[in-house]
Each structure stands twice: as C-alpha cells, then as structure tokens.
Amino acid sequence: MRTSKVATDPLWQALCPSWTQAIAPRTSCAHPIRRRPALQCLSKSHGPCKQQRCASSLGPSFADDLPTLQDRPSTHDRAASRHQIGDQEGPVNFRFKAPREDGPIHARSKAQQLHHRRQQEQQFFYQQASTPRLYTKLKALAYSGHVEECRKLVEWLVRERREKPNSQLYSALILSNVSEDDGAAWRVMDYLEEMRQADIQIDPGVCHSVLKVLSVHPDHLLRADILEFMRTRWFQLSEDGAHDVVAGLLRSGLFEQALERMEGMRQNSVPVHGWLLDMAVYMLCNIGEIDEAYQIMRVRHDSGEANLSRTLWHTLLDAGSSYRHHASTSLVWSTQVGPGYINPSSGICLNVLTTASKAGDAVLATDVFSHLSKRGTQFQRIHYQLLIECYLASSDDMKRALSILTIMALERIEPSIFETRALFALLRNDSRLTAEAFDTLRELHDQDRKIPIAALNLIIECYVQQRNLPEAMKVYKLIHTFLPPGDSARKSFANTETFNLLLRGCRMNDPPDEQQASFLVSELLALKVKPTSLTYDRLILVFIEAGANALNSTQIASDDAAEQQHVHQQYKRGVQLLDWAYRHFSDMQGIMSEDNRNADNDSVPGWIPRFGTLERLATHLAKVGDVRCWDVLQAGEDHAAEIEGWEAKGKWVRKNVEDAWEKAQERNMALPSSGSDPSPSSTSPQQQVEVASA
C-alpha cells in the first residue's frame with residue numbers, strides 16, 4: 001500500500017508551525033512531491049499512454065513515482081491519513097485552507113494551455129491556408145505591430161512554402177516594428193542591410209514602411225536617407241507617408257521642420273488629418289510654443305472643424321494661461337469655458353485672471369470672477385489685486401480700482417500695502433491724480449462705502465514720494481473723517497504704516513523736519529498705536545539727517561560776527577539733534593520683540609536699526625568727536641548676523657568711522673588753546689551736548 005503524501009507549502013510552514021511540526025517526520029521520509037501534470041495529460045481523450053509521456057518528460061524520478069488515476073488515494077483515505085497524523089503527532093491547525101485550484105499556479109497553467117492551443121491553431125491555419133492568404137495575414141500582423149508573429153510567419157513561408165525572400169516579406173518585417181513596446185529603429189536598419197546583401201531592391205512600399213516605423217521610433221539620419229533615396233528614385237511620397245514624416249519630426253523635436261512640412265501640405269492641397277494636428281498642438285504646448293499652437297487651433301476653429309477634443313482645448317488653456325498668452329487664453333475661454341463645455345480648475349482660473357491683468361482685458365477678468373463666484377470660491381487678496389491691475393492696465397480706471405479696495409473691506413478682507421502697488425505706480429509722480437484719488441475716496445465715503453486705511457495710506461505715500469509733506473499731513477489730519485459710522489468713538493484709525501510713511505516724509509523733506517517727527521511720535525503715543533522697529537529706525541534717520549543738515553550749514557566761512565554766532569548756534573543744534581538720534585537708538589535697543597520678550601533668556605537683544613541707519617549714526621557721531629560712535633559700531637558688530645549686509649560691508653563701516661574720528665581729533669588739536677570766545681570745536685563733544693541740551 002502506498003504511503004499518502006501531504007502537501008507542504010512554504011507559506012504554511014511559516015504561518016502554521018504546529019502543522020509543519022506535525023508533518024515534518026512524514027515528509028522527511030516520503031518520496032519527492034510530484035508536480036501536477038498538464039491538463040492534456042489528465043484528460044480522458046489522451047488516455048494513460050499520453051499521461052505517461054507527459055510525466056516521463058519531467059524526468060525518470062517523476063515517471064517512476066507517478067501513480068495512475070486508479071492508484072490515487074481517495075478522498076476518504078486522505079482524510080483518514082490526516083486524522084492518523086493528528087492523533088500521532090499532536091493537534092493540527094486548520095485555520096489556513098489548502099491551496100485552491102484557482103490560485104496563481106493554476107492560472108499560469110491555464111495560460112500555458114491557452115498559448116499552446118493557439119499555437120496549434122496557428123500551425124493548422126498555416127498548413128491549410130493558401131500562400132496569397134498568408135501574405136494577407138502577414139500584412140495584417142505587420143500593421144498591428146506583432147513583431148514575433150510576423151517573423152514566424154515569414155520563416156514559415158520561406159521554409160515550408162519555398163518563398164524566396166522578397167521586398168514584400170521585408171516590408172512586412174519592417175512594418176511590424178511600429179509596435180511601441182517591441183519595435184525598434186535599429187532592427188529596421190538590420191533588415192535594410194540584409195536586403196542590400198541579398199540584392200533585393202527597395203521599392204516605395206518598403207520606404208513608406210520605414211517612414212511609418214520612424215514616426216514611432218524616431219531616427220533623424222535614417223529618415224533623411226530614406227527621403228533622399230526616394231527623391232533620387234522619383235518615388236512619390238503618399239499622403240500617409242507625409243503624415244508619418246511630420247509625426248517623426250515632431251517626435252524628434254524638429255518642430256520648425258514639422259510646421260514647414262504641414263504648411264507645404266496645405267499649400268499642395270493635401271488634407272492634414274486631425275490626429276496629426278492634435279499631436280502637434282500637444283507637443284507645442286508641452287515645450288511652450290503657445291503662439292504656434294494657437295495658430296493651429298485658431299485655423300481649425302475658424303474653418304468650422306467639428307468634434308475638437310475637449311482635452312485639447314483644456315491643454316491649450318492651461319499652457320496658454322501659464323505662459324500669459326492672452327490670445328489663446330481668450331479664445332479658449334470665450335469658446336469653451338463660457339458656453340460650459342469645459343470647467344477649468346481654480347488654479348487655471350487664477351492663471352487666466354493673471355493673463356487678463358497683464359493684457360488689460362477687463363471683460364475676461366470679470367468673466368473669471370463671475371465663473372469663480374458661481375463655483376462658490378472664497379476670494380483671496382491675490383484675486384482682488386489682479387483685478388485692480390487689470391482695470392488700471394486697460395484704461396487707467398482709477399475710480400473702479402479704488403472701489404475694489406472698498407469691496408475688499410466689505411468682504412472683511414482688509415487690504416494691505418501690496419494690493420495698492422498698481423495704484424501707487426500710477427499716482428506717485430502726478431500730484432493732480434493724487435488729489436483726484438483723494439476726492440474719489442471722499443465720494444465713495446459719502447456713498448456709505450467703507451474706506452480702508454490702506455487707501456488713505458496710499459494717498460499719504462504718494463505725497464511723501466512727491467516730497468510734499470504738508471499735503472501728507474493734511475491727509476493725516478483728515479483721516480478721522482473717514483471713520484465708519486459705527487466707530488465714531490475712535491479718534492482715528494491710523495495704523496503703524498501711516499506713521500512710518502509720515503516719518504519717511506519728515507526725513508525726505510528739505511530740510512528734514514524733526515519737529516513734525518516729534519509731533520508724530522506724540523500722536524502715536526496718544527492713539528496707542530504700537531510702533532515697530534521700522535518706526536524707530538525712521539525716527540532715528542530723521543534726527544540724523546536734521547543734525548547733518550545743521551552741521552553742513554556751519555561750513556560757510558564769514559567774518560561777520562552775527563553770521564559767526566548763527567554758525568555757532570547751528571553747530572550746537574546739530575550736535576543736539578545727533579544726541580537725540582543716539583537717545584532714540586538707546587531706547588530702541590531696550591525694546592524687545594514679542595518672540596524675544598517671551599524667551600526665558602535675559603541676554604536676548606532688543607531691536608536693532610538697519611545697516612544704513614547704523615552706518616550714518618556712527619559716522620556722524622565720529623565727525624563731531626562723540627565717543628558714543630564706538631558704542632554704535634560695537635552694537636552693529638554684536639548683531640552682525642541680524643543686520644542684513646553687515647557681514648559683507650561691516651569692515652568698511654569701521655574704516656569710515658575711524659577716518660571720521662581721526663579727522664575730528666586733528667581738527668580739535670589744530671584749534672588755538674586760548675581765546676575769549678571759544679569756537680564750537682574748542683569744547684569737548686560731551687560738553688557740547690550738555691550745552692545744547694541746556
């Protein structure tokens with residue numbers, strides 16, 4: 001009686017150790033596990049001898065151990081043997097079932113059987129079909145790109161039907177390489193070399209087959225050789241061949257030559273198929289040649305070509321808006337998006353809005369806003385900024401641009417300085433337009449529009465840019481009249497940006513107005529507006545420039561006693577202003593930002609001025625011989641990592657300060673040591689500061 005065999009699957013051995021331990025003694029002494037024979041061997045039609053041949057092909061050990069159908073253990077015997085194993089070796093884990101016959105091994109076996117059956121049918125067809133029919137079949141296989149089947153059929157024709165190698169066979173072999181996966185241009189070159197060695201003439205069919213393969217697998221040199229060969233032999237290029245040449249040029253990246261050939265086809269009344277035009281548009285959009293793609297789509301649209309791909313239109317809209325090409329963007333939006341044929345994404349809509357703002361197309365920008373509003377899009381600052389730029393670029397419609405700022409305030413999106421840059425570029429050099437813009441804001445306020453502070457800061461900034469500080473101060477003093485009706489309890493809604501702009505105007509004024517700067521500081525404190533480091537920086541600059549201007553006026557030489565007294569007063573005033581600048585610098589260092597204030601480290605530094613401010617303060621203090629110039633220089637070196645540009649130009653700042661200090665010391669030493677009326681330079685800088693402060 002045969003010993004029953006139990007299947008030991010590796011996955012079972014890994015997941016079921018108890019099962020593996022139970023069957024290990026049995027399987028170690030059992031015969032090798034036989035493989036499942038092919039289904040043809042087990043079918044009744046083949047009989048036991050067929051089964052024996054199939055088993056013997058696997059080897060003698062399998063053939064000796066293979067039982068017949070009658071010798072196989074029955075289901076009842078296998079169950080009994082498993083029960084005996086469980087009783088002898090311990091409990092068996094049955095959580096995992098045995099492999100079913102629909103698993104991957106069985107599927108692979110079925111695929112092999114199907115492949116074998118198809119080969120048998122193919123051999124039967126080759127034997128029964130006539131030679132002309134086989135040539136027809138070969139041509140069909142070649143057009144489908146079946147490289148291996150074409151090769152086998154050609155070998156069958158040459159070997160069994162005694163067909164001599166000819167141009168038709170080689171044309172089919174070449175044409176079969178149109179397969180994107182299995183075809184190759186080098187194989188075409190090998191076939192052409194075989195034809196040359198066999199002295200087989202290349203006919204127009206072979207040439208067109210080569211061109212069709214090269215439209216999929218581009219080879220510029222081979223294509224040029226074939227076209228030159230056809231020209232010398234007076235072979236006429238067919239319509240399909242012309243399309244294949246253009247497709248090959250597009251795949252090779254030779255877009256100019258491809259477009260020239262397409263234009264030549266139109267001039268010669270050769271119809272250009274839609275698939276080739278689509279391919280050209282896709283590739284041109286991919287490389288950024290939007291204008292050429294637009295020209296193709298424009299001609300197709302104007303000619304009334306129907307059933308243009310929506311995906312093609314969408315690609316043109318995406319690429320055209322990305323490259324800010326207004327003509328293509330406007331064409332697709334008006335013909336496809338407007339009627340509702342395509343629905344672009346929000347990102348593409350933003351690109352379309354940017355394109356419209358660059359071109360000044362207010363109609364297109366308004367359509368984009370309407371399209372996004374129907375979708376329920378939450379508008380951001382960038383959308384309003386682009387719309388403002390669009391109105392200003394189209395017709396300098398300042399009133400509508402200012403009204404958009406009020407719409408932002410109505411939508412609870414507070415405008416910032418970035419949304420007013422387009423308006424600032426329009427108004428900064430024209431005082432008349434600036435006054436007109438202020439009157440427009442007054443009219444909008446009278447219409448119960450909410451005027452944002454950014455719009456009023458824009459007017460102040462334009463006057464500051466025009467160095468018209470009085471008009472800027474007038475606008476500041478009228479800011480409280482633009483308060484919304486519900487905020488009448490507030491004195492003003494001026495913010496930090498307002499005071500920063502006005503302090504900049506005080507510095508740019510001729511001469512710098514330190515008195516207005518002091519007034520603005522008192523206003524800032526009264527309104528409880530929180531200053532920033534830029535506020536202190538510009539305040540320091542005001543006093544530096546005012547002090548430098550006063551010191552420069554003392555360089556005028558005169559013998560008049562009254563004039564000398566005036567010079568003496570101006571020098572003391574300049575020293576006093578520099579002293580105030582240093583005091584503001586000290587106050588600034590004592591203020592820490594929110595991040596530094598929350599830190600536990602007490603050594604965290606406070607605010608520090610910008611590079612130019614530090615350089616001017618240290619240099620002017622050194623010019624008057626004030627030893628505090630070294631403190632400013634040391635502060636800059638201590639905060640070199642925080643000050644932009646100090647690490648690259650800090651050494652030059654130190655050199656300038658040292659040169660100014662040496663000149664001041666030389667000037668003091670050259671002055672006479674006696675005299676009834678001491679000159680401004682005869683006293684020490686600290687004494688000058690104390691006298692000036694008194």
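A residue counts as buried when its relative accessible area is under 20%, as exposed when that area is over 50%, and as partly exposed in between. The structure described here is a predicted model.

**Leu-577 and helix H31**

Leu-577 sits in helix H31, which runs over residues 561-589. Its relative accessible area is 6%, so Leu-577 is buried. Leu-577 and Glu-514 are 63 residues apart along the chain, and their C-alpha atoms are separated by 8.6 Å.

Helix H31 also holds Arg-583 and Asp-579, four residues apart, or about one turn of the helix. An α-helix has 3.6 residues a turn, so residues three or four places apart point the same way. Arg-583 and Asp-579 form a salt bridge, with 3.0 Å between the closest N and O atoms. The two partners differ in cover: Asp-579 is buried because its relative accessibility is 3%, whereas Arg-583 is partly exposed at 35%. The pair belongs to a network of salt bridges that links Asp-579, Arg-583, Asp-626 and Arg-628.

**Salt bridges**

Side chains of opposite charge can pair when their charged atoms come close. In this model the count of salt bridges comes to 24. Three of them are listed here, including the pair in H31.

| Pair | N to O distance | Place |
|---|---|---|
| Glu-148 and Arg-151 | 2.1 Å | helix H9 (residues 147-159) |
| Arg-583 and Asp-579 | 3.0 Å | helix H31 |
| Arg-654 and Glu-637 | 2.8 Å | helix H35 (residues 646-670) and helix H34 (residues 628-638) |

Glu-148 and Arg-151 are three residues apart in H9, so about one helical turn separates them. Glu-148 is partly exposed, with a relative accessible area of 36%, and Arg-151 is partly exposed as well, at 30%.

How far apart in sequence are the parts that Arg-654 and Glu-637 tie together? The side chains of Arg-654 and Glu-637 meet in a salt bridge. Arg-654 lies in H35 and Glu-637 in H34, so the pair ties together parts that are 17 residues apart in sequence. Arg-654 has a relative accessible area of 28% and is partly exposed; for Glu-637 the value is 29%, which also makes that residue partly exposed.

**A negative patch on the surface**

Glu-256, Glu-260, Glu-289, Asp-291 and Glu-292 gather on the surface in a patch of negative charge. Helix H15 (255-267) and helix H17 (290-302) each supply at least two residues of this patch. Glu-289 is found in the loop between helix H16 (274-287) and H17. A patch residue needs over 30% relative accessible area, and Glu-289, partly exposed at 39%, satisfies that cut-off.

Helix H16 is also the place of Trp-275. Trp-275 is partly exposed, with a relative accessible area of 44%. Between Trp-275 and His-243 the C-alpha distance is 9.6 Å, and the two are 32 residues apart in sequence.

**Helix H33**

Does the end-to-end distance of H33 agree or disagree with the expected span? Helix H33 covers residues 611-623, and at 1.5 Å a residue its 13 residues should span 18 Å. The C-alpha atoms at its ends are 18 Å apart, so the two values agree. The expected span is 1.5 Å times one less than the number of residues. Buried residues in H33 include Phe-611, Leu-614, Leu-617, His-620 and Leu-621. Just after H33, Gly-625 takes a positive phi of about 75°.

**Backbone features in loops**

Most residues other than glycine have a negative phi, and most peptide bonds are trans. The model holds exceptions to both patterns. Asp-199 is not a glycine, yet its phi is positive, about 60°. Asp-199 lies in the loop between helix H11 (185-197) and helix H12 (204-214), and it is exposed, with a relative accessible area of 60%.

Lys-528, another residue other than glycine, has a positive phi near 60°. The place of Lys-528 is the loop between H29 and helix H30 (533-552). With a relative accessible area of 76%, Lys-528 is exposed.

The peptide bond that joins Asp-510 and Pro-511 is cis, with omega about 0°. Pro-511 is in the loop between helix H28 (496-508) and helix H29 (514-526).

How values were computed. Residues are numbered from 1 along each chain as its sequence is written. This is a predicted model: local features need pLDDT of at least 70, side-chain atom pairs count only at pLDDT 80 or more; totals for chains, interfaces and linings use all residues. Side-chain values use heavy atoms; hydrogens and water are left out. Patches are made of residues with over 30% relative accessible area and no salt bridge: like charges are joined within 9 Å, nonpolar side chains (Val, Leu, Ile, Met, Phe, Trp, Tyr) within 5 Å. Accessible areas come from the Shrake-Rupley method with a 1.4 Å probe; for residues, only the protein chains shown count as cover. A salt bridge is a side-chain nitrogen of Lys or Arg within 4 Å of a carboxyl oxygen of Asp or Glu. Lys and Arg count as positive and Asp and Glu as negative; His and the chain ends are not counted. The place of a charge is taken as NZ of Lys, CZ of Arg, CG of Asp or CD of Glu. Buried means under 20% relative accessible area, exposed over 50%, partly exposed in between (1.4 Å probe, protein chains only).
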